[in-house]
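Dear colleague,

Please find below the structure that I am handing over to you, with its sequence. My notes on what was found in it follow directly after.

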Amino acid sequence: EYFRERRSDIEFVGEQVMQNLVGGAVAPVTPPPGAVVVAHDLTPADTVHLHRASVAAFVTDAGGRTSHTAILAQAFNIPAVVGLDDITGRIGGGDLIIVDGAAGEVILCPTPELVEEFRVRETRQKRRLESLRKNRDLPAETRDHARVRLLANIELPDEVPAAMDFGAEGIGLYRTEFLFMDRSDFPREEEHFMHARGVLRRVAPFPATFRTFDLGADKLAPFLSTGSLLAAPEPNPALGLRSLRLCLKERALFKTQLRGLLRASVHGRMRLMFPMVSGVGELRQAKAMLEECKDELRREGHAFAEDMPVGIMIEVPAAISQIAFWAGKIDFLTIGSNDLSQHLLAIDRD
């Protein structure tokens, strides 16, 4: 049993050997459009890559309702069933399967009658969605007339039209790291600028909150393995060098993003948010780098929004204990419920 549990360790070593032999990261496999991907687990980078390959569904042995694979699948409107333990051992390449993301079921080798039944269900679901869309312009209001503003969380600029189509009143969280998840080259300032400007213009006149890179832990982009970026294995990736800590260490990575976002800020109502802040010292460093970028842009003649709101995401218990000290230092707080729950309760998000 002990050696069986070491299988994943051996697989990891094998992957590293293969990467060294071919001189870099192994190119991800691209399935044909409309394929159902069956895997032991999928990283966020895998999920983004497969979304761009137009796969039909995901099925995995590992994962849970709040794993990034499940969150991304939902965001990309891809049916997914995760946490099935041994599904990879029960499905062969080319098998016909039905993935019922709503019920959390996978049906192996369905009969023609069952396939037809699910096609009818799919049509019925699309009609229901169309009927719900008719209500999108009605105010989100409780029976006692309390108004609620509904904003969308997105991973890619491509999701903005769908969010607005469903009646969102802005973007509450733009997870900027997913834009660069499946690429090996360093993101350039102009790319940050162009993508952010596109989001702001599409969302106008509503606001959009841009979270700076939340990289590390399970969100490892290929470009992180180049140079000094996480070149050495992280002993505890969920708690170690990740997110804002990684950005503060890798100043070039952080400044490139900050400069691009600042330049885009004049094209709409941008709010900037720093993730995984655990102390006033980290916030002070992040804001100092933001001011440094502003000074550079002024000297270069670039315009930016001087009054852009800056906030933080509360995701670690240490931040809760310091909320009184944030007053006057930030413009807003948001709650990162997944990370905060797992750190408070000492459980992983799966």
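**Findings in the predicted model**

In this predicted model, strands 1, 2 and 3 form an open sheet in the order 1-2-3, with parallel pairing. Its edge strands are strand 1 (36-39) and strand 3 (80-81), each of which pairs on one side only. Strand 1 is joined to strand 2 (residues 57-60) by four bridges, and the two run parallel. One residue pair may help you to find the register: Val38 has Val59 in strand 2 as its bridge partner.

A further open sheet consists of six strands in the order 6-7-8-9-10-11, and here too the pairing is parallel. Strand 6 (152-154) and strand 11 (332-335) have a single partner strand each, so one side of each is left without a neighbour in the sheet. On average, neighbouring strands of this sheet are turned by 25° against each other, direction ignored. Helix 10 (residues 280-300) packs on the sheet, where it touches strand 9 (269-274) and strand 10 (310-314). The direction of helix 10 makes about 140° with that of strand 9. At the strand 6 edge, three bridges connect strand 6 to strand 7 (residues 171-175), and these two strands run parallel. Ala152 stands opposite Ile171 of strand 7.

**Internal space**

How many cavities of 30 Å³ or more does a search of the whole structure find? The search finds one. The largest cavity holds about 60 Å³ of space. Its lining is made up of the following residues:

- Tyr174, Thr176, Leu179, Phe180 and His192 are among them.
- His195, Ala196, Phe210, Gln257 and Leu261 also belong to the lining.

Two elements, helix 7 (189-203) and helix 9 (251-264), give two or more residues each to this lining. Helix 7 supplies the largest share, with three residues. Sorted by class, six of the lining residues are nonpolar and four are polar, while none is charged.

**Salt bridges**

The structure contains 26 salt bridges. In one of them, the side chains of Arg242 and Asp214 meet at 3.2 Å, N to O. This pair links distant parts of the chain, with the two residues 28 apart. Both Arg242 and Asp214 lie in the loop between strand 8 (207-211) and helix 8 (243-249).

**Backbone geometry**

Two places in the backbone deserve a mention in this handover. Which form does the peptide bond from Ala204 to Pro205 take, cis or trans? The bond is cis, with omega near 10°. Pro205 is located in the loop between helix 7 and strand 8. The other place is Met276, where phi is near 55°, a positive value in a residue other than glycine. Met276 belongs to the loop between strand 9 and helix 10.

For orientation, the points above can be tied together through the elements they share. Helix 7, which gives three residues to the lining of the largest cavity, is followed by the loop that holds Pro205 and leads to strand 8. Strand 9, in turn, is touched by helix 10, and the loop between these two elements holds Met276.

With kind regards

Notes. Residues numbered from 1 in each chain as written. Predicted model: local features only at pLDDT ≥ 70, side-chain atom pairs only at ≥ 80, totals over all residues. Heavy atoms only, no water. Pairing = 2+ DSSP bridges. Axes fitted to C-alpha atoms, helices over the stretch in contact; angles between N-to-C directions. Contact = heavy atoms within 4.5 Å. 1 Å grid on protein atoms, 1.4 Å probe; cavity = no way out; pocket = protein on both sides within 12 Å on 5 of 7 lines; lining within 4 Å. Points joined across faces, edges and corners; volume = space filled by probe spheres on them. Nonpolar A, V, L, I, M, F, W, Y, C, P; charged D, E, K, R; others polar. Salt bridge = Lys/Arg side-chain N within 4 Å of Asp/Glu carboxyl O.
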